[in-house]
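Here's a quick walk through one protein chain for anyone meeting it fresh. Have a look around before reading on.

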Amino acid sequence: MSTTRRAAVLGSPIAHSLSPVLHRAAYRELGLDDWTYGRHEVDEAALPAFMERLDATWAGLSLTMPLKRAVIPLLDEITPTAAAVEAVNTVVLTGDGRRLGDNTDIPGMLAALRERGVEQVERASVLGAGATASSALAALARICTGEVTAYVRSDARAAEMRGWGERLGVPVRTAPWEDAAAAFEAPLTVATTPAGTTDALAAAVPARPGTLFDVLYEPWPTALAAAWADRGGAVVGGLDLLVHQAVLQVEQMTGRSPAPLAAMRRAGEAALAAR
C-alpha cells in the first residue's frame with residue numbers, strides 16, 4: 001500500500017502563492033498520485049513549532065518571505081548556493097530525518113535566462129536592492145564577465161549591494177534611482193522591485209534594448225516589460241523564474257528528473273489568466 005507524501009509552501013502572506021499549482025501539475029504529469037502539496041500561513045514566530053510537527057510523510061518545503069533566512073538555524077545543512085545569499089527557499093526532508101536547505105532561485109534565474117539564449121553578458125544592471133537583488137547578483141556572478149550597476153534609493157541600500165558584490169565576487173557599482181533609465185544601456189537589466197516601481201521607466205526603454213529580466217509575474221506584463229517587448233527586446237518574466245525554480249524543487253523533493261517544465265508553465269499561465 002502506498003504512503004502519501006506531503007510537501008507545501010510556507011510564508012506570510014501565502015494565499016497568492018502559485019507554488020501549489022506548479023507542484024501539483026508536476027505530480028500529475030509524473031504520475032505521483034499519492035503526493036500532496038499544500039500552502040500554510042506561517043510567520044517567523046510560528047516556524048519552529050511548524051517544523052517540529054513534521055513527520056515522516058513530509059518530503060519537502062518551499063519557503064517564501066519572511067522565512068528564507070529564519071529557517072536556516074532550524075536546518076541540519078545548507079548548500080553553498082544558499083549560504084552565499086543567506087537565504088533558503090527549499091527544504092528537503094530525508095529518510096533519516098535530516099533537514100537540508102537549498103536555494104533554487106539562483107539556478108532558476110540562470111535557467112530562465114539560458115532558455116532565452118542569455119548565457120553570458122559583459123555587463124548588467126540591477127534595479128532595486130532587496131532580497132531578490134542579492135539572488136540576482138549571485139546569478140550574475142556566474143554569467144557576467146564585467147561590472148554590475150545597481151540602481152538604488154538610499155546610501156544604506158547602496159552599501160548593502162556593494163557588500164553583496166564583494167561577498168559574491170562580482171564587481172558592483174551603485175547609482176541613484178534617479179538615474180535608473182541608464183540601466184537600459186546594459187545588455188541585461190534585472191528588475192527586482194515591487195509592482196509599479198518601474199512603471200515610470202517604461203518611456204525610457206531604448207529603440208534597440210537588450211534583455212530584460214523582470215521578476216514580477218502579477219500583474220503581467222508590467223509597463224516596463226510591455227514597452228520592452230514593443231521595442232523588440234527579449235523579456236524574461238517572473239513566471240519563468242517561478243517555474244524554473246519550482247522544477248528544481250520538484251526534482252529534489254521527489255527524486256524524479258526531469259520535472260515537467262512545460263506542464264508546470266501551462267498550469268501557472270492558466271492560473272494567472274483565471275485571476
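Before anything else, a bit of vocabulary: a residue counts as buried when its relative accessible area is under 20%, as exposed when that area is over 50%, and as partly exposed in between. Keep in mind, too, that this is a predicted model.

## The open sheet

A good place to start is the sheet. Six strands make up an open sheet, and if you walk across it you meet them in the order β9-β8-β7-β10-β11-β12, with parallel pairing. β9 (172-176) and β12 (234-236) sit at the edges with a single partner strand each, so one side of each has no neighbour in the sheet. From one strand to the next, the twist averages 20°.

Now for the way the strands are stitched together. In general, strands of a sheet pair through backbone hydrogen bonds, either parallel or antiparallel. Here β7 and β8 pair in the parallel sense over four bridges, and Val126 has Ala150 in β8 as its bridge partner. β7 also pairs with β10, again in the parallel sense, over three bridges; the partner of Ser125 in β10 is Thr189. β10 is joined in turn to β11 by four bridges, the two running parallel, and Ala191 finds its bridge partner in Asp214 of β11.

## What covers the sheet

Is β10 covered on its faces, and by which residues is each side marked as buried or exposed? Both faces are covered: Leu188 and Val190 on one side are buried, and so are Thr189 and Ala191 on the other. That two-sided split fits a general habit: in a regular strand the side chains alternate between the two faces of the sheet.

Helices pack here as well. α5 packs on the sheet, where it touches β7, β8, β9 and β10, and its direction makes about 170° with that of β7. α4 packs on the sheet too, touching β10, β11 (211-214) and β12, with its direction at about 145° to that of β11.

Then there's α7 (residues 223-230), whose buried residues are Leu224, Ala225, Ala227 and Trp228. Looking down the axis of α7, you'd see these buried residues fall within an arc of 165°, so they line one face of the helix. The general reason is simple: an α-helix has 3.6 residues a turn, so residues three or four places apart point the same way. The cover over the buried residues of α7 includes β7, β10, β11 and β12. Just after α7, Gly232 takes a positive phi of about 90°.

## The nonpolar cores

In soluble globular proteins, nonpolar side chains tend to be buried together. The largest nonpolar core in this model has 35 residues, and those with the most contacts inside it are Val126, Leu137, Leu140, Val148, Met161, Leu188 and Phe213. At least two residues of this core come from each of α4 (105-115), β7 (124-127), α5 (131-143), β8 (148-152), α6 (155-168) and β10 (188-191). The largest share, seven residues, is supplied by α5.

Which residues does Phe213 contact, leaving aside its neighbours within four places in sequence? They are Met109, Ala112, Leu113, Thr189, Val190, Ala191, Val236, Gly237 and Leu241. Apart from the largest core lies another one, of 24 residues, which includes Val9, Ala26, Trp35 and Val247.

## Salt bridges

Side chains of opposite charge can pair when their charged atoms come close. How many salt bridges does the structure hold? There are 12.

One of them joins Arg98 and Glu77, with the closest N and O atoms 2.9 Å apart. This pair links distant parts of the chain: Arg98 is in the loop between β5 (90-93) and β6 (99-102), while Glu77 is in strand β4 (residues 77-78), 21 residues apart. Arg98 has 32% relative accessibility, so it counts as partly exposed, and Glu77 is partly exposed as well, at 44%.

Elsewhere, Glu115, Arg116, Asp240 and Arg265 are linked in a network of salt bridges. Within it, the closest N and O atoms of Arg116 and Glu115 are 3.4 Å apart, and those of Asp240 and Arg116 are 3.2 Å apart. Asp240 lies in helix α8 (residues 238-254) and Arg116 in the loop between α4 and β7, so this pair ties together parts that are 124 residues apart in sequence. Asp240 counts as buried, at 8% relative accessibility, whereas Arg116 is partly exposed at 35%.

Methods
Residues are numbered from 1 along each chain as its sequence is written. This is a predicted model: local features need pLDDT of at least 70, side-chain atom pairs count only at pLDDT 80 or more; totals for chains, interfaces and linings use all residues. Side-chain values use heavy atoms; hydrogens and water are left out. A nonpolar core is a set of buried Ala, Val, Leu, Ile, Met, Phe, Trp, Tyr and Cys residues joined through side-chain atoms within 4.5 Å. Buried means under 20% relative accessible area, exposed over 50%, partly exposed in between (1.4 Å probe, protein chains only). Contact means heavy atoms within 4.5 Å. A salt bridge is a side-chain nitrogen of Lys or Arg within 4 Å of a carboxyl oxygen of Asp or Glu. Two strands pair if DSSP finds at least two bridges between them. Axes are lines fitted to C-alpha atoms, for helices over the stretch in contact, and angles run from 0 to 180 degrees between N-to-C directions. The arc is that of the directions from the helix axis to the C-beta atoms.
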